[in-house]
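Here is a friendly walk through one protein model, for anyone meeting it for the first time. Have a look at it first, and then read on.

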Amino acid sequence: MTLYPGQVMKGQNPMPLTPPPNSNGDSNDSWDENKGFCESVGPTKKPQTPKPENAVTIAVSSRVLFRTEKEQKVFEEKGVEEYLNYQVQHENEPLAPGPAFPFVKALEAVNSQLRELYPESEELFDIVLVTYNHAHVGVRLINTINHHNLFIERFCMTGGSSPIGYLKAWHTNLYLSADAEKVQEALAEGIAAATMFMPEKQVEVSETQLRVAFDGDAVLFSDESERIFKAHGLDKFFEHERENEHTLLEHGPLKGFLEALGKLQKKFYAKGHRLNCPIRTYLVTARSAASSGIRALKTLRAWGLETDEALFLAGAPKGPMLEKIRPHIYFDDQMFHIEGAAERGTIAAHVPYGIAQMYSHRKSTNSAK
């Protein structure tokens, strides 16, 4: 199995990359040299960009929105100057879609429906493209965005500097990157973040409904219960959960993002669209329903949050369930769940948070969550 991108947590073994043919400018798809990039999307008037303080801001790195393996290889083998020259020479060749691309398209589909129901509202998804690239590379990125007819007006090109300070200024609700270290840095600053991976194969996902799946412990919740399991085993874990059934779990790094999704869902509910809401959320956890599920559900309810579906798998593999759900993105803190999802064609994102990061990331069934 192959995951893209190849960035992994320290201590992990990177997996080989097998980019699909005709990606990253290898395709014959390009623009006429004399055509301006604005012309590629036609005369359609674009909607206004919401103010950051009103929006649900999703910051996406260029390396997960688009396929950039070839460009990254030039940078690693020939250095920054050759890399910049390469990008300028190929700026009229669009980059192919990356792992975050279907997710971003789904966000835009939700925005279209929100604008129909609430024409004056700025409570929308706002997508910010974040890149360490020099501004010279911006031309190719803008051309690619217009080629794929994406609505991304906010750019943050840092020229090699850390983007974390800018993420806070944008009021970022979620940051998706190929750089695990920057993801960890964002999490340390209280920003929901994850490292994205792309499988060799990819299942088709809905073009009209955004589907987001979350693991429970160390993702929506803290790693408190996982720590009990790692230190004392499954029996002690179950005992701990029974004893603390009425004690709420502490929040995890992505609780705020679920909350932001819930606020937008309620706007659809208010217009009578609960049953056909274009946002659907899932809890996919290895917890057992009877033995440890009630605490998770009570915690969500106390927070005023809900997921549309909750799957308690009691240690069964998550991949087959995710294959049926077909989410645009699935968040988990353990790499063997990410790998299992990717084997089935699910776009998965690693949340490097909690006690599990101290243990082997190879596939295992030894998880309580």
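What follows is a short tour of pockets, cavities, ring contacts and a few notable residues. Keep in mind that this is a predicted model.

**The largest pocket**

Let's start with the open space. The largest pocket has a volume of about 430 Å³. It is lined by 25 residues, and those closest to its centre are Q72, Y83, T131, Y132 and N133. Which elements build the wall? At least two lining residues each come from helix 1 (62–65), helix 2 (69–78), helix 3 (80–89), strand 3 and strand 5 (172–177). Helix 3 gives the largest share, with four residues. As for chemistry, the lining of this pocket has eleven nonpolar, eleven polar and three charged residues.

**The cavities**

Now for the closed spaces. Rolling a probe the size of a water molecule over the atoms shows where empty space is left. Two cavities of 30 Å³ or more turn up in this structure. Here they are side by side:

| Cavity | Volume | Nonpolar lining residues | Polar lining residues | Charged lining residues |
|---|---|---|---|---|
| Largest | about 70 Å³ | four | two | five |
| Second largest | about 40 Å³ | five | four | none |

Around the largest cavity you will find T49, E108, N111, R115, F125, D126, I127, F151, I152, E153 and R154. Two elements, helix 4 (101–117) and strand 3 (125–131), give two or more residues to that lining. Strand 3 is also on the list of elements that supply at least two residues to the lining of the largest pocket.

The second largest cavity is lined by P102, Q202, V203, V205, P327, H328, G345, T346 and I347. Keep G345 in mind, as this residue comes up again below.

**Rings and charges**

How many aromatic pairs does the structure hold? There are six. In one of them, the ring centres of F75 and Y83 are 5.6 Å apart and the planes stand at 75 degrees, so this pair is edge-to-face; the cut-off for that label is over 60 degrees. The two partners differ in how much surface they show: F75 is partly exposed because its relative accessibility is 37%, while Y83 is buried, with a relative accessible area of 10%. Y83 is also among the residues closest to the centre of the largest pocket.

Elsewhere, F214, F257 and F331 make up one aromatic cluster.

Some rings have a charge for company instead. The charged end of K271 sits over the ring of Y118, 5.0 Å from the ring centre. R274 does a similar thing with Y269: its charged end sits over that ring, 3.9 Å from the centre.

**Cysteines**

A disulfide is a covalent bond between the sulfur atoms of two cysteines. How many does this structure hold? The count is zero. Two cysteines are worth finding anyway. C156 counts as buried because its relative accessibility is 8%, with the cut-off set at under 20%. C277 is buried as well, at 5%.

**A helix tucked inside**

Why is helix 13 (residues 335–343) described as largely enclosed by the rest of the structure? Because eight of its nine residues are buried. The buried ones are M335, F336, H337, I338, E339, G340, A341 and A342. Just after this helix comes G345, with a positive phi of about 90 degrees. That is the G345 found in the lining of the second largest cavity.

**Three loop residues to look up**

V137 lies in the loop between strand 3 and helix 5 (138–147). With a relative accessibility of 2%, V137 counts as buried. V137 and N85 are 52 residues apart in sequence, yet their C-alpha atoms are 9.2 Å apart in space.

The other two are alanines with an unusual feature to look for: a positive phi in a residue that is not glycine. For A218, phi is near 70 degrees, and for A314 it is about 50 degrees. A218 is in the loop between strand 7 (210–214) and helix 8 (224–232), whereas A314 is in the loop between strand 9 (309–312) and helix 12 (319–325).

Are these alanines buried or exposed? A218 is buried, with a relative accessible area of 1%. A314 is exposed, with a relative accessible area of 53%.

How values were computed:
Residues numbered from 1 in each chain as written. Predicted model: local features only at pLDDT ≥ 70, side-chain atom pairs only at ≥ 80, totals over all residues. Heavy atoms only, no water. Phe/Tyr/Trp six-rings, centres within 6.5 Å; stacked < 30°, edge-to-face > 60°. Buried < 20%, exposed > 50% of the residue type's maximum accessible area, 1.4 Å probe, protein only. Lys NZ or Arg CZ within 6 Å of the ring centre and 35° of its normal. 1 Å grid on protein atoms, 1.4 Å probe; cavity = no way out; pocket = protein on both sides within 12 Å on 5 of 7 lines; lining within 4 Å. Points joined across faces, edges and corners; volume = space filled by probe spheres on them. Nonpolar A, V, L, I, M, F, W, Y, C, P; charged D, E, K, R; others polar. Disulfide = S-S within 2.5 Å.
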